[in-house]
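User: I'd like to talk through this model with you, starting from where the chains meet. Can you keep it informal and take my questions in turn?

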There are 2 protein chains.
Amino acid sequence: MKQQAIPYKIYLDEAEMPKAWYNLRADMKNKPAPLLNPGTLQPMTAQELSGVFCEELVQQELDNDTPYFEIPEEIRSFYRMYRPSPLVRAYCLEEKLQTPAKIYYKFEGNNTSGSHKLNSAIAQAYYAKKQGLKGVTTETGAGQWGTALSMACAYLGLDCKVYMVKCSYEQKPFRREVMRTYGASVTPSPSMETEVGRKILAEHPGTTGSLGCAISEAVEKAVTSEGYRYVLGSVLNQVLLHQSVIGLETKAALDKYGVVPDIIIGCAGGGSNLGGLIAPFMGEKLRGERDYRIIAVEPASCPSFTRGKYAYDFCDTGMVCPLAKMYTLGSGFIPAPNHAGGLRYHGMSSILSQLYADGLMEARSVKQTDVFAAAEMFARVEGILPAPESSHAIRAAIDEAIKCKETGEEKTIVFGLTGTGYFDMYAYEAYHEGTMQNYIPTDEEIQATLDKLPKVE
Amino acid sequence: MKQQAIPYKIYLDEAEMPKAWYNLRADMKNKPAPLLNPGTLQPMTAQELSGVFCEELVQQELDNDTPYFEIPEEIRSFYRMYRPSPLVRAYCLEEKLQTPAKIYYKFEGNNTSGSHKLNSAIAQAYYAKKQGLKGVTTETGAGQWGTALSMACAYLGLDCKVYMVKCSYEQKPFRREVMRTYGASVTPSPSMETEVGRKILAEHPGTTGSLGCAISEAVEKAVTSEGYRYVLGSVLNQVLLHQSVIGLETKAALDKYGVVPDIIIGCAGGGSNLGGLIAPFMGEKLRGERDYRIIAVEPASCPSFTRGKYAYDFCDTGMVCPLAKMYTLGSGFIPAPNHAGGLRYHGMSSILSQLYADGLMEARSVKQTDVFAAAEMFARVEGILPAPESSHAIRAAIDEAIKCKETGEEKTIVFGLTGTGYFDMYAYEAYHEGTMQNYIPTDEEIQATLDKLPKVE
């Protein structure tokens, strides 16, 4: 293979790294629906939210107009520890697929949390520290967010209390140990430590948990502990704002080589990676400057976009959080214990939900075994062992590249490789052993939880 | 923290990556002692070695004179998948230690094998493929070399058979699964598959294995299978040659910013990382152009340099391999099951042994709990979870930086961060639980295996 005009990996210089986050909402004509107080059904005020979240994060959460938020120098300094992340040209995958498509991926896995989650973790921990708090509470599914937050808190000297979805806690004992290395305390959820946890356990004694349950517990712990606030790794507007650093770097790297993507693909659980990756591209699309196909990929076992309803719902199973308008399977939906722990969320970012409702992006769901087939092929040719979550995007990117082979189109595909799968070897093992199953909820199962959506006019 | 003149991470451009490996032996006045045929005690000929190793690798093994070997374009293409690796300025560690020292580390862990081993794996697999072989056999300790070789073989379509030291196999089930993802077969060693394995098991029924045992099995398998050769991840001259890419990149990155190190530190098991990292610096030292302090760091549980003897010995426990002159604890030495699997080798690279005998470098041994204390501190401030092996170098770098604090000297310290510890969480857990032990062999234990060294005049 000759030396390519475009390198395998495009790294920005540190001086080229983004100095501000981009707030996609500023360019949305139809703003995402506001969070509602579940009691009054009125939009949550800053004051109400500040009991749960740090003050500056509340401002970021509610601000639909300011297009850019400066990244504080302390956070940029932390970013320089592991960013810029490489934008990789997947030459080897292209060759393997014999496709005329040009494939790029933004690789966010080269840090110890193993994913993009660190981008928002440090931001949220920073504002908590700035506000003089003692610590933060959170939930984690696959463990990536919990690890990321532990790292950020260790760096800043904050206490960190993590509720980890029980099935991930059991599948990934090593994740817990990494969090402990960073000084966090980790509790399997649902737990007996909180009122909501005890209630969920009483109703579903054998439950393997869900992100929704764990959120409820973490929120309860935060609001009942002095000097603590709750932080969340996905879904929220503030998280998508912080994650825009992914898209901004991606766009800067592509611009450097004059590359314009046709298709942008990301996996979608709560939407943080996808929302961050697409932000500047969607901005151009919203402003009518350029068009892109944007594809959200979700697991067939938890298909919020493709089989959910666009409605107000609780963000958590315990119904202690505000209501958000989003594509949802119902806050009571507990997905089968598939292995992409980070995608096991019943709802979806309000921002992405509004964009999807407005026809500005597509969504598709993929089966787990197809996802692992893509993961293994990718690992062998590109040399990176991908996380199951990220592999949903790989699956869709490969499928699009195969279509290009059939049509002869030389499309440029960019996808988000959110993280590595080092802690997902049980899932890979199940795939190798042929024991991996494709759980797909029935229409009746989904309808049952949708029937319990809160009534909001 | 202000934007620094020297970035957090120095990346070379792909065009700046080394195009040739540097053969340190060419600049050594006292060449490393040749491998001996254990039967005749005569230097091994190319013909004899080619029954075990690939032909081009045999040439590289025996060539003490050619200073540079061109890196074939296919290997450079593979290198571009995960190289250049970053040279990181450890600003956060410096701040934590409040030291005037300037600390840099060359981070080789950003690839799925999790270590520098991939640098030689792809080279050895490439020459095997070029020779038209079906596959290769090898041993692995911590699992990093086995993973690296599996990745290289998957990429080139070669069969890969790995003998994994039993205690690592049991401590690291996920490593096995990663190798399987890359299509390798993995057998715990000692096994009943080989004659030497059966013999070792008969003599030491409860043994947890050692690199020496696993080497014997892999060699036997290679020489008794049609179309197979044996490949080794460390110790050999050829491996140090390939690993010179680490040092060449490090030096190029430092040169770019006009930085000259005072101290260069690396962990030492068989010597591949250390030999690669120091190569161009030691070259300058040998040619009298510049002086550096070079420090090898080994575990107190397996102290080849600091408590071994410089003598001819078998490279493997089964005594099927050639004799090498090296610092050794005796090929019968089976180290206690400490957690730095990659450093559990009774001997040491002949090149490094000669340099050490000539007083050109220092060595020290460190205790495991001290190593993990350094690892945890490093993880918290630098954000990378280090492998136990690499953490030996971290320990020494921190100790040197603390000395600088005491003396006020602004020394520049460079160390090799060979890999990540994602698969070493049992060890971290033992450290957190306070159950980690510091195994240190007694003088009598070492003497017992040294007494059995082969008699070579």
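Analyst: Sure. The contact between the two chains (contact meaning heavy atoms within 4.5 Å) draws 46 residues from chain B and 45 residues from chain A. A word on the ground rules: this is a predicted model, where local features need pLDDT of at least 70, side-chain atom pairs count only at pLDDT 80 or more, and totals for chains, interfaces and linings use all residues. Residues are numbered from 1 along each chain as its sequence is written, chains are lettered from A and ligands numbered from 1 in the order in which they are written, and side-chain values use heavy atoms, with hydrogens and water left out.

User: Which three residues supply 16% of the area that chain B buries against chain A?

Analyst: Start with the total: about 4600 Å² is buried between chain B and chain A, with carbon and sulfur atoms giving 54% of that. Buried area here is the accessible area (1.4 Å probe) that two parts lose on being put together, summed over both. No other three residues of chain B supply more than this trio: F174(B), T181(B) and Y422(B).

User: What relation do you get from superposing chain B on chain A?

Analyst: The copies are superposed by least squares on the C-alpha atoms of residues with pLDDT of at least 70 in both. Chain B lands on chain A after a rotation of 180 degrees with 0.0 Å of shift along the axis, and the RMSD is 0.0 Å. So the relation is that of a two-fold axis.

User: And which residue of chain B comes closest to the rotation axis?

Analyst: Both copies use the same surface, as 98% of the contact residues of chain B recur in chain A. At 3.1 Å by its C-alpha, the residue of chain B closest to the rotation axis is N110(B).

User: Is K106(A) buried or exposed?

Analyst: K106(A) sits in strand 5 (residues 102-107) of chain A; helices (H or I, at least four residues) and strands (E, at least two) are DSSP runs, numbered from the N terminus. Buried means under 20% relative accessible area, exposed over 50%, and partly exposed in between (1.4 Å probe, protein chains only). With a relative accessible area of 2%, K106(A) is buried.

User: Which side chain makes a polar contact with the side chain of K106(A)?

Analyst: A polar contact is a pair of N or O atoms within 3.5 Å; within protein, one must be able to donate a hydrogen and the other to accept it, and residues adjacent in sequence count only if both atoms are side-chain atoms. The K106(A) side chain has a polar atom 2.8 Å from the backbone oxygen of S85(A). Side chain to side chain, at 2.7 Å, the partner is E249(A).

User: Over in chain B, where is S349(B) found, and which backbone nitrogen does its side chain reach?

Analyst: S349(B) is found in the loop between strand 13 and helix 14 (350-357) of chain B, and it is buried, with a relative accessible area of 0%. Leaving aside neighbours within four places in sequence, S349(B) is in contact with V235(B), L240(B), G270(B) and G271(B). At 3.0 Å, its side chain reaches the backbone nitrogen of L352(B).

User: V235(B) has a positive phi, near 65 degrees. Is V235(B) buried or exposed?

Analyst: V235(B) is a residue other than glycine, placed in the loop between strand 9 (228-230) and helix 11 (237-256) of chain B. Its relative accessibility is 8%, so V235(B) counts as buried.

User: What about Q98(B), with phi near 50 degrees: buried or exposed?

Analyst: Q98(B) is in the loop between helix 4 (91-97) and strand 5 (102-107) of chain B. The relative accessible area is 54%, so Q98(B) is exposed.

User: Which peptide bond is cis with omega near -5 degrees?

Analyst: Look at the loop between helix 3 (73-82) and strand 4 (87-89) of chain B, where P84(B) lies. The cis bond runs from R83(B) to P84(B).

User: Which residues touch the most other members of the largest nonpolar core?

Analyst: A nonpolar core is a set of buried Ala, Val, Leu, Ile, Met, Phe, Trp, Tyr and Cys residues joined through side-chain atoms within 4.5 Å. Not counting neighbours within four places in sequence, the contacts of M361(B) include L274(B), I278(B), F305(B) and Y356(B). Of the 242 residues in that core, the ones touching the most other members are M361(A) and M361(B).
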